[in-house]
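Visitor: Could you take me on a close look at one sheet of this model? I would like to see how the strands are joined, and then what surrounds them.

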Amino acid sequence: MTYFGDIAIPWVSEKDTSVTKEVIEKNFVDKAPDVYELNTNLESGSYSIVLNEQYHPRNESFEEQHDAVLSMPSRHASEFPVDVGGDIGYIDVTSSTTTSTPQQEIDEGEISIYFYESDEYSPAVKSILDEGRFSNFVVEPVESLIGFPSFINVVGETSDYTIPSEDGDIDLYIVTSGEVLEFNSADIVEAEQESICRLFDGEDNRVYSDSKDIHFGSNIENSLIDITFNGNSSSIEYYSGSWNDLGQVELASDYGYASDNSNDFITVEFINDNGASIYRGFPCVEYNFEGESTFTHTLDGSLVSEEDYYLHYQNTLGDDMVMVKKSSDGLFFDSSSAFGVEQLNTSKEYNIFIGYVPDGIPVEDYARYVYYLDKTPRTMI
Amino acid sequence: MFIGDIELPIVNNIEKGGDSDFTEITSNVKNVGVKHEKNVEQVSIVGYLNQETHSNSLSLGEQKDQLKSLKNKHKSENSINYRKFKGHLLVEEVNVVEDGSSRIVKEAEIIARYFPWPKYFPDNQP
């Protein structure tokens, strides 16, 4: 079994990569010819792979395995740490093909790759905080969080918080805009397997790509929060040592797909223009919607405080929740069984976050981290 | 398998692939690669035309004409819902092998761009 990050491939049947170096030969009228060396190119080539339903660690169907392979070109190299055939590093997949033959028990595929050796290259994430969001409210200082499983070493940084997830502890690092966090671990493959964002299509099939359809019962989770889309509403669960119910959000969903599907964030969009996003290491969900005058989170609980951009409330277990809005439109409302925002403009699109506040993080700080939460691009350095 | 209302009676294999353009940037320190956005996926479907297995028992000639007409149709008309495919095809090539080896079966290949639903044409469910 070979793992490319979190994608398991039953067999790699052939590996054909090579390193090339360009040279330029010049002839001169007044001296002997000379040859000049250019930099060595990245190692590149192809892997031939075999897919099989019986020999897969998660018993994934052909459909899931094909989707996983075909998703590889749209994902970043840092999501594909590999330890195969003596090569330890990261692969950047530039093309992938799969061939299915209905009558056969195995399917085949091929991926074209560029290879980054792990002793020369390290993955990193960059914090980019959207400047356009700053104008609605004065929220300072401008900071957010980036999370990694605790066994990952973030070079030159000390974590600010540690929270439990279903896959193990997660370290959270406070970041400002533009900050780059380089990370490594003793097991580079495992680093992309724990506490990542995952999408399922409603029939327990994992969806890896940014194009496959999802439907009633689909869910997104990051081992801290789990959102299931039930048609007229979505139900939320959060992890704090065990999974707990976090009520429902009264937003309709139907058929949809993931417009972003990476280990660090997933955004699902539905035909009715509603959608939701989750982020790695963050126990919160971002809903985006339009055509609604009211956003309602149905939950038995009580209000603690209301600020201009967030609502702080508690469920019946006494756990802290926040609802954060980016727009100055709308007014927060609360009752003993529902919290939300009303008087929204039905012709506008809105983003509203619901988050569970882990123990040890001040609620006011957490709301601020959520306000500036944004997608973090990856890079290799 | 149907593409729109046109039938390919026997499917032998399907190849699907996606790619992204890649630019390698060389520097004095070390090389880095920049990957661009993923292109629209390409699909190759190989199958057979056969009168007995066609649901309307069309002759090989009629089936061939129908299959070739896929090229002239807009992708929104070429819907597909077969195994892992649910979307629409922009058919670029239809090749029917005319080698005279059989009067009962003809091999055909369709090369197309695949537009998955509901990412594309969300109001037109296959």
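Guide: Start with a definition. Two strands pair if DSSP finds at least two bridges between them. Keep in mind that this is a predicted model. Its scores are ipTM 0.89 and pTM 0.92.

Now the sheet. In chain A, eight strands form an open sheet in the order E22-E23-E24-E25-E32-E29-E28-E27, and the pairing is antiparallel. Look at the ends of that order. E22 and E27 (301-306) of chain A stand at the edges. Each has a single partner strand, so one side of each has no neighbour in the sheet. From one strand to the next, the twist averages 20°. A general point helps here. Strands of a sheet pair through backbone hydrogen bonds, in either a parallel or an antiparallel way.

Begin at the E27 edge. E27(A) runs antiparallel to E28(A) (residues 310-315), and five bridges join them. Pick out one bridge: Ser305(A) in E27(A) has His312(A) in E28(A) as its partner.

Next, look at what lies across the sheet. Helix H2(A), residues 363-371, lies across four strands of chain A: E25 (284-290), E28, E29 (320-325) and E32 (349-356). H2(A) runs at about 40° to E29(A).

Go to the other edge. E22(A) and E23(A) run antiparallel, joined by five bridges. In one of these bridges, Asp260(A) has Thr267(A) of E23(A) as its partner. The two strands form a hairpin, with three residues between them.

Pause on E23(A), residues 265-270. How many of its residues are buried? The count is six of six, so E23(A) is largely enclosed by the rest of the structure. The cover is on both faces. On one side sit Phe265(A), Thr267(A) and Glu269(A), and on the other sit Ile266(A), Val268(A) and Phe270(A). Thr267(A) has thus come up twice: as the bridge partner of Asp260(A), and as a buried residue on one face of E23(A).

E23(A) also has E24(A), residues 275-279, as a partner. These two strands run antiparallel, with five bridges between them. Here Ile266(A) is matched with Ile278(A) of E24(A). E23(A) and E24(A) make a hairpin too, with four residues between the strands. In that hairpin, Asp273(A) takes a positive phi near 75°.

Now step out of the sheet, starting from its edge strand E22(A). What does chain A touch in chain B? In all, 28 residues of chain A are in contact with 27 residues of chain B. E22(A), residues 256-261, is one of the elements that supply at least two residues to this side of chain A. H1(A) and E8(A), residues 87-100, do so as well. The largest share, eight residues, comes from E8(A). By type, this side of chain A has nine nonpolar, 14 polar and five charged residues.

E8(A) also pairs with a strand of chain B. Its partner is E3(B), residues 10-25, in the antiparallel sense over six bridges. Thr98(A), for instance, has Lys16(B) as its bridge partner. Chain B averages a pLDDT of 91, and 100% of its residues score at least 70. Its confidence is lowest in E4(B), residues 32-38, with a mean of 87, and highest in E1(B), residues 2-3, at 96.

Last, look at how chain A is divided. Domain 1 covers 2-117 and domain 2 covers 192-380. Their C-alpha centres lie 35 Å apart. The contact between them takes 20 residues from domain 1 and 15 residues from domain 2. On the domain 1 side, the largest share, six residues, comes from H1(A). That side divides into seven nonpolar, six polar and seven charged residues.

H1(A), residues 62-71, is itself mostly covered: eight of its 10 residues are buried. Among them are His66(A), Val69(A) and Leu70(A). So H1(A) appears in both places: it supplies at least two residues to the side of chain A that touches chain B, and six to the side of domain 1 that touches domain 2.

Methods
Residues are numbered from 1 along each chain as its sequence is written. Chains are lettered from A and ligands numbered from 1 in the order in which they are written. This is a predicted model: local features need pLDDT of at least 70, side-chain atom pairs count only at pLDDT 80 or more; totals for chains, interfaces and linings use all residues. A residue is buried if 20 or more other C-beta atoms lie within 10 Å of its own, exposed if 12 or fewer, and partly exposed in between; C-beta atoms are placed from the backbone. pLDDT is the predictor's confidence in each residue, from 0 to 100. Domain bounds come from an automatic or database domain assignment. Two residues are in contact if their C-beta atoms, placed from the backbone, lie within 7 Å. Ala, Val, Leu, Ile, Met, Phe, Trp, Tyr, Cys and Pro count as nonpolar, Asp, Glu, Lys and Arg as charged, and the others, Gly among them, as polar. Axes are lines fitted to C-alpha atoms, for helices over the stretch in contact, and angles run from 0 to 180 degrees between N-to-C directions.
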